[in-house]
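Q: Please take a close look at one part of this model for me. Start from a single helix and its buried side, then follow the links outward. Keep it plain, with short sentences.

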Amino acid sequence: MAGTTVTHTDLEGSLPLVARGKVRDLYEINDSTLLFVTTDRISAFDVVMRNGIPNKGALLCLMTAHWFEILSAAIPGLRTHFVSLELPPQIPSKFRDEYRNRSMQVQKLVIFKVEAIVRGYITGSAWASYKKDGTVCGIQIQPGLRESEAFPGGPIYTPSTKAEMGDHDENIHPDTAARVVGARYAQRIEELSLSLYQCAAAYALERGIIIADCKFEFGLDKETDEVVLADEVLTPDSSRFWPADSYSIGEPPPSFDKQHLRDWLMNQGLKGKDGVEVPDEVVTKTENRYREAFERLTGNAWTGRC
């Protein structure tokens with residue numbers, strides 16, 4: 001539905017609500033399956049804004065489904081939690097138009113308590129840390145790099161803690177992540193994360209987008225003891241996308257993600273503040289950037305219908 005903004009979901013008991021995240025609301029379909037409903041809420045600096053971005057939820061949901069298809073075909077042995085984009089029959093007819101294309105059925109997993117971050121280029125908090133002491137998340141990086149430069153040895157894995165709602169994630173060394181989830185699972189998560197990034201970065205570059213960095217989440221299938229790719233993947237919410245045609249070493253490029261919102265918050269002195277209402281101009285620019293990323297990466301025109 002063009003122009004619609006969904007910041008709150010309520011299925012009126014047709015499915016039990018499991019949890020509400022910053023962006024997604026989780027409902028239980030059955031003992032093995034959840035329904036992820038991606039709202040139009042938007043967060044920055046771990047704080048959710050009062051208003052949302054029209055159609056953002058559908059853009060993120062469909063982009064994630066596209067990536068699951070691409071990555072599953074490209075990486076042998078990769079498992080994802082994706083089941084279907086179809087709405088389960090329990091959803092009443094009056095909700096089906098509103099929730100279609102922003103909802104995804106997924107396998108229930110035990111989610112690992114780390115976020116798997118891969119950085120291909122030195123920017124953001126990594127650049128700030130590097131300027132201070134030459135390290136990124138406790139990893140020593142060779143001297144002489146400039147802002148937005150690709151890491152000379154290839155992408156690096158820099159996990160973080162997975163904070164509860166309202167708390168802040170903290171960057172940690174890979175050795176610390178291994179202590180959190182166990183060495184065997186940590187190794188698999190790191191291997192998968194780097195493979196996923198390299199595959200996605202090559203795919204995106206062919207479509208004019210540089211993936212500077214991104215975040216993955218994984219869960220454990222306890223029946224098979226397998227590490228499974230979960231949550232959203234490679235969207236403007238979980239990744240830093242740069243247009244390749246305006247990339248330049250030594251300065252932060254424009255981006256397809258929510259950097260415009262972050263910049264506005266910083267300029268207004270609102271970083272980390274609760275209850276912020278985002279002005280229409282910032283909302284529109286953010287929606288346009290998300291839509292352009294979707295169209296470039298999927299090759300599909302966005303019709304504005306969710």
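A: Start with one term. Two residues are in contact when they have heavy atoms within 4.5 Å of each other. Keep in mind, too, that this is a predicted model.

Now take helix H3, which runs over residues 124–133. Which of its residues are buried? They are Ala 126, Trp 127 and Tyr 130. Look down the axis of H3: these buried residues fall within an arc of 95 degrees, so they line one face of the helix. A general rule helps here. An α-helix has 3.6 residues a turn, so residues three or four places apart point the same way.

What covers the buried residues of H3? The cover includes strand E9 and strand E10, and E10 spans residues 135–136. Step just past the helix and you meet Gly 134, with a positive phi near 80 degrees.

Next, follow E9. This strand spans residues 114–119, and Val 118 sits in it. Is Val 118 buried or exposed? A residue is called buried when its relative accessible area is under 20%. Val 118 has a relative accessible area of 0%, so it is buried. Leave out residues up to four places away in sequence, and Val 118 still has a list of contacts. It touches Pro 155, Ile 156 and Tyr 157. It also touches Ser 193, Leu 194 and Tyr 197. Asp 213, Cys 214 and Phe 216 complete the list. One more pair shows how the chain folds back. Val 118 and Gln 198 are 80 residues apart in sequence, yet their C-alpha atoms are 9.5 Å apart in space.

E9 also leads to another helix. Helix H4 covers residues 174–181, and Pro 174, Ala 177 and Val 181 are buried in it. Why do these three share a side of H4? They cover an arc of only 50 degrees around the axis, which puts them on the same side of the helix. What do they pack against? E9 is one partner. The others are strand E11 (139–140), strand E12 (156–157) and helix H5 (183–205). Strand E9 thus appears beside the buried residues of H3 and those of H4.

H4 has residues that are not buried as well. Asp 175 belongs to H4, and this residue is partly exposed, with a relative accessible area of 48%. Its C-alpha atom is 8.8 Å from that of Ala 186, a residue 11 places away along the chain. Just after H4 comes Gly 182, which takes a positive phi of about 100 degrees.

Positive phi turns up at asparagine too. Most residues other than glycine have a negative phi. Asn 55 is not a glycine, but it has a positive phi of about 70 degrees. It lies in the loop between strand E5 (47–48) and helix H1. At 2% relative accessibility, Asn 55 counts as buried. Asn 101 is another case, with a positive phi of about 75 degrees. This residue sits in the loop between helix H2 (93–99) and strand E7 (103–107). At 26% relative accessibility, Asn 101 counts as partly exposed.

The loop of Asn 55 ends at H1, where a cavity comes into view. The count gives one cavity of 30 Å³ or more, and the largest cavity has a volume of about 40 Å³. Its lining is made of Arg 24, Phe 36, Thr 38, Cys 61, Thr 64, Met 104, Asp 231 and Glu 232. Strand E3 (33–38) and helix H1 (56–74) each give two or more residues to that lining. By class, the lining has three nonpolar, two polar and three charged residues. Thr 64, from H1, counts as buried at 3% relative accessibility. Beyond its sequence neighbours up to four places away, Thr 64 touches Met 104, Asp 231, Glu 232, Val 233 and Thr 235.

Finally, step back to the whole chain. It has seven helices and 16 strands. The radius of gyration is 19 Å, close to the 19 Å that the globule rule gives for 306 residues, so the chain is as compact as a globular protein of that length. Of those 306 residues, 51% count as buried. Take the contacts between residues at least 6 apart in sequence: 65% of them join residues at least 24 apart.

Key: Residues are numbered from 1 along each chain as its sequence is written. This is a predicted model: local features need pLDDT of at least 70, side-chain atom pairs count only at pLDDT 80 or more; totals for chains, interfaces and linings use all residues. Side-chain values use heavy atoms; hydrogens and water are left out. On a 1 Å grid over the protein atoms alone, a cavity is a set of points where a 1.4 Å probe fits but cannot get out, and a pocket is an open set with protein on both sides within 12 Å along at least five of seven lines; lining residues have an atom within 4 Å of a point. Grid points are joined across faces, edges and corners, and a volume is the space filled by probe spheres set on the points. Helices (H or I, at least four residues) and strands (E, at least two) are DSSP runs, numbered from the N terminus. Ala, Val, Leu, Ile, Met, Phe, Trp, Tyr, Cys and Pro count as nonpolar, Asp, Glu, Lys and Arg as charged, and the others, Gly among them, as polar. Buried means under 20% relative accessible area, exposed over 50%, partly exposed in between (1.4 Å probe, protein chains only). The arc is that of the directions from the helix axis to the C-beta atoms. The radius of gyration is taken over C-alpha atoms; the globule rule is 2.2 Å times the number of residues to the power 0.38.
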